[in-house]
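These are my notebook entries from a first look through a structure that was new to me. I wrote down what I looked up, one place at a time.

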Amino acid sequence: LCKRSEIIAVIGGMESDNAAIMAPMLTRHEKVFMSLATSSDLMRAYTNTSFWAMTESDITECEILLSKVINYGGKSVALLADPEDPSTRTFNDWFSFMAKEMELENVGIFHYSDASVYSASEHAVAAGADFVICAPSEVEYVGPMMEAFRERAAQNHAVPRLLFTDMAYGVNVLSKLGEVCEGIEGVTYCADPESGFDVTYDVYFDDEPTIGESQVYDAAMLLG
């Protein structure tokens with residue numbers, strides 16, 4: 001893509017780790033890179049380059065999730081995140097500060113790795129928080145997070161309400177995990193309802209848009 005002179009722009013980079021690979025190469029060759037990744041690290045690193053961020057940052061996402069806790073009447077909150085992954089590191093950095101600013105009790109930050117998703121999820125749902133913000137770094141991690149929650153609920157223990165980041169959304173979540181996704185809640189980036197994008201998309205394609213499609217449309221229109 002970098003070496004092809006007829007290509008003036010690239011739209012994509014849905015996930016932050018992919019966008020992090022693409023951004024240095026594309027910007028070095030001054031190709032416009034319209035990324036769908038939410039990583040604030042990427043947005044800061046490539047300011048004043050040919051990198052365009054087509055979404056709000058994950059800092060905003062963390063704030064919105066905590067606002068949902070307040071809106072639902074929650075008083076305490078915990079975070080389940082991977083401190084090493086670029087798609088969840090921002091939550092780890094900003095969660096405690098934002099929770100304090102919003103006068104929410106911070107019950108704790110529970111870190112997981114590839115091998116410890118289920119056990120870390122067990123500890124998070126048993127910590128006594130009203131809500132747990134779950135930041136899966138991979139779609140597959142939604143499954144063990146939900147399983148830990150349901151296992152505790154099945155034992156008649158008190159369970160928190162889970163709120164997921166944008167990684168838990170999209171058509172591939174249902175195809176990969178099936179019924180385990182039933183009832184998950186959170187936030188993702190999408191079209192402003194007042195824009196009419198979802199309605200028009202449904203009429204044209206007889207289907208509902210999935211994550212990022214309105215941003216791809218916006219990117220194509222801007223290029224045009």
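**Entry 1: Ser96 and Ser121**

I began with Ser96, which I found in helix H4. I noted early on that the model is a predicted one, and I read each entry below with that in mind. Ser96 counts as partly exposed, its relative accessibility being 33%. When I set aside residues up to four places away in sequence, I found Ser96 touching Asn106 and Ile109. I also looked up Val107, which is 11 residues from Ser96 in sequence, and the two C-alpha atoms are 9.6 Å apart in space.

I then turned to another serine, Ser121, which lies in helix H5, residues 117–125. Is Ser121 buried or exposed? I found that Ser121 is buried, because its relative accessible area is 1% and the cut-off for buried is under 20%. Leaving out the neighbours within four places in sequence, I listed the contacts of Ser121 as Leu80, Pro144, Met145 and Ala148.

**Entry 2: Helix H6 and what follows**

Among those contacts, Pro144, Met145 and Ala148 sent me on to helix H6, which covers residues 142–154. I checked its length: the 13 residues of H6, at 1.5 Å a residue, should span 18 Å, and the end C-alpha atoms are 18 Å apart, so the two agree. The expected span takes 1.5 Å times one less than the number of residues, which is the step I had to keep in mind here.

Which residues of H6 are buried? I wrote down Val142, Gly143, Pro144, Met145, Met146, Ala148 and Phe149. The three contacts of Ser121 that I had followed here, Pro144, Met145 and Ala148, are therefore in the buried set of H6, as judged by the cut-off of under 20%.

Just after H6, I came to Asn156, which takes a positive phi of about 65° although Asn156 is not a glycine. Asn156 is found in the loop between H6 and E7, and at 71% relative accessibility Asn156 counts as exposed.

I looked up one more residue of this kind, Asp206, which has a positive phi of about 55° and is not a glycine either. Asp206 is found in the loop between H8 and helix H9, the latter being residues 213–223. With a relative accessible area of 66%, Asp206 is exposed.

**Entry 3: Salt bridges**

How many salt bridges does a search of the whole structure find? I noted five, and I followed some of them residue by residue. Side chains of opposite charge can pair when their charged atoms come close.

The side chains of Asp41 and Arg44 meet in a salt bridge, at 2.8 Å from N to O. Asp41 and Arg44 are three residues apart in helix H2, residues 40–45, so about one helical turn separates them. An α-helix has 3.6 residues a turn, so residues three or four places apart point the same way. I also noted that Asp41 is partly exposed, its relative accessible area being 25%.

Asp41 has a salt bridge with Arg89 as well, where the closest N and O atoms are 3.1 Å apart. Arg89 lies in helix H4, residues 86–101, while Asp41 lies in helix H2, so this pair ties together parts that are 48 residues apart in sequence. Arg89 is partly exposed too, with a relative accessible area of 27%. I therefore drew Asp41, Arg44 and Arg89 as linked in a network of salt bridges, each link being a nitrogen within 4 Å of a carboxyl oxygen.

I next looked up Arg161 and Glu185, whose side chains meet in a salt bridge at 3.3 Å, N to O. Arg161 lies in strand E7, residues 161–164, and Glu185 in the loop between helix H7 (171–177) and helix H8 (197–205), so the pair ties together parts that are 24 residues apart in sequence. Arg161 is partly exposed at 38% relative accessible area, whereas Glu185 counts as buried at 19%.

**Entry 4: The cavity**

Last, I looked for enclosed space, and I found that the structure holds one cavity of 30 Å³ or more. About 30 Å³ of space lies in the largest cavity. Which residues line the largest cavity? I listed Glu15, Ser16, Asp17, Asp85, Ser87, Ser137 and Met167. By class, I counted one nonpolar, three polar and three charged residues in this lining.

How values were computed. Residues numbered from 1 in each chain as written. Predicted model: local features only at pLDDT ≥ 70, side-chain atom pairs only at ≥ 80, totals over all residues. Heavy atoms only, no water. Helix = DSSP H or I, 4+ residues; strand = E, 2+ residues; numbered from the N terminus. Buried < 20%, exposed > 50% of the residue type's maximum accessible area, 1.4 Å probe, protein only. 1 Å grid on protein atoms, 1.4 Å probe; cavity = no way out; pocket = protein on both sides within 12 Å on 5 of 7 lines; lining within 4 Å. Points joined across faces, edges and corners; volume = space filled by probe spheres on them. Nonpolar A, V, L, I, M, F, W, Y, C, P; charged D, E, K, R; others polar. Contact = heavy atoms within 4.5 Å.
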